[in-house]
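Got a new structure to look at? Let's go through it with a few quick questions and answers.

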Amino acid sequence: MRRRPGIEVKSVEQLRLMRVAGLIVCRTLAAVRDTAKAGMTTSMLDQIAREHIAAAGATSSFLGYGGGFGLPPFPAVTCISVNETIVHGIPDDRVLATGDLVSVDFGVSKDGWHGDSAITFGIGELSGEAAALSETTRTAMWAGIAAARIGARIGDISHAVESSVRASRAGYGIVSEYTGHGIGSEMHQPPDVPNLGRPGRGELLVKGMCVAIEPMITAGSAVTATLDDEWTVVTRDGSPAAHWEHTVALTPAGAWVLTAEDGGEAELAARGVKFGPLGD
């Protein structure tokens, strides 16, 4: 493995191993989304993810995380954040209701390599406001992915995410305390990938780097509060939030979205961006 200071650069073989983890993640998230309905609890959704991890012979990236960083060990394999919860929601006996906006963040390790992704969806029919918030967040994530190319800089990704949100509608909040990150043999690695920034700044993007791009957007203020469990992050004003994330590899051919079923081909093509698969 070739390394730059603080940055893990992957070989082709290692990227292919990360793709295996990424496919486990995206297929598990799809199963959770497709099963979720009113009357289920968030812990039931977490159990679905646990079963998929076991069936795939993978390991949760989330379960027990944080114990060495002064935080209580995270007790679940998913973060499930509902309505005003932004991120790190702990699955429990909360019963989901029609109209709830649900974000699920999920990661696994397979053969020592991690994949990490998040999706937002509704329970039944969403309000127009909630649906627009989720789509704005998803679109901003893809804008960031489209800006991720060899020779660009982290700030180009950050600026693309921010510009996409700003262009959508006035009044949305972009959460700044929580960022994307490098990923590979560990779930969280350098560099941080903020969702606000100036183009041409930050770490240079090189062949073999992998980053998780994950905007968290609120319908109101971006000011956050952390609950007493030391994990759950909510909007201070009670406005709903959405969270989308993909793990992206940088190849000479272009961006390869390791946690998208098609590798990101359709979304990148729609944006006129090169798609860089190395084979599944």
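Q: Which strands does α3 lie across, and at about what angle does it run to β15?
A: In this predicted model, helix α3 covers residues 128–146. It lies across β12 and β15. Its angle to β15 is about 35°.

Q: In the open sheet of three strands, what is the order?
A: Start with the edges: β8 (173–174) and β15 (241–243) each pair on one side only. Strand β12 is joined to β15 by three bridges, and the two run antiparallel. Put together, the order is β8-β12-β15.

Q: Which residue in β15 stands opposite Met216?
A: Strand β12 takes in residues 216–218, and its partner β15 spans 241–243. Opposite Met216, in β15, you'll find His243.

Q: Which helix gives the most to the largest nonpolar core?
A: That core has 59 residues, and Ile145 is among those with the most contacts inside it. Leaving aside neighbours within four places in sequence, Ile145 is in contact with residues including Ile213, Val248 and Leu268. With seven residues, the helix that gives the most to this core is α3.

Q: Is Thr224 buried or exposed?
A: Thr224 sits in strand β13 (residues 224–226). Not counting residues up to four places away in sequence, it touches Ile86, Val175, Glu177, Val233, Val234 and Arg236. Buried means under 20% relative accessible area. Thr224 has a value of 12%, so it counts as buried.

Conventions:
Residues numbered from 1 in each chain as written. Predicted model: local features only at pLDDT ≥ 70, side-chain atom pairs only at ≥ 80, totals over all residues. Heavy atoms only, no water. Core = buried A, V, L, I, M, F, W, Y, C linked by side-chain atoms within 4.5 Å. Buried < 20%, exposed > 50% of the residue type's maximum accessible area, 1.4 Å probe, protein only. Helix = DSSP H or I, 4+ residues; strand = E, 2+ residues; numbered from the N terminus. Contact = heavy atoms within 4.5 Å. Pairing = 2+ DSSP bridges. Axes fitted to C-alpha atoms, helices over the stretch in contact; angles between N-to-C directions.
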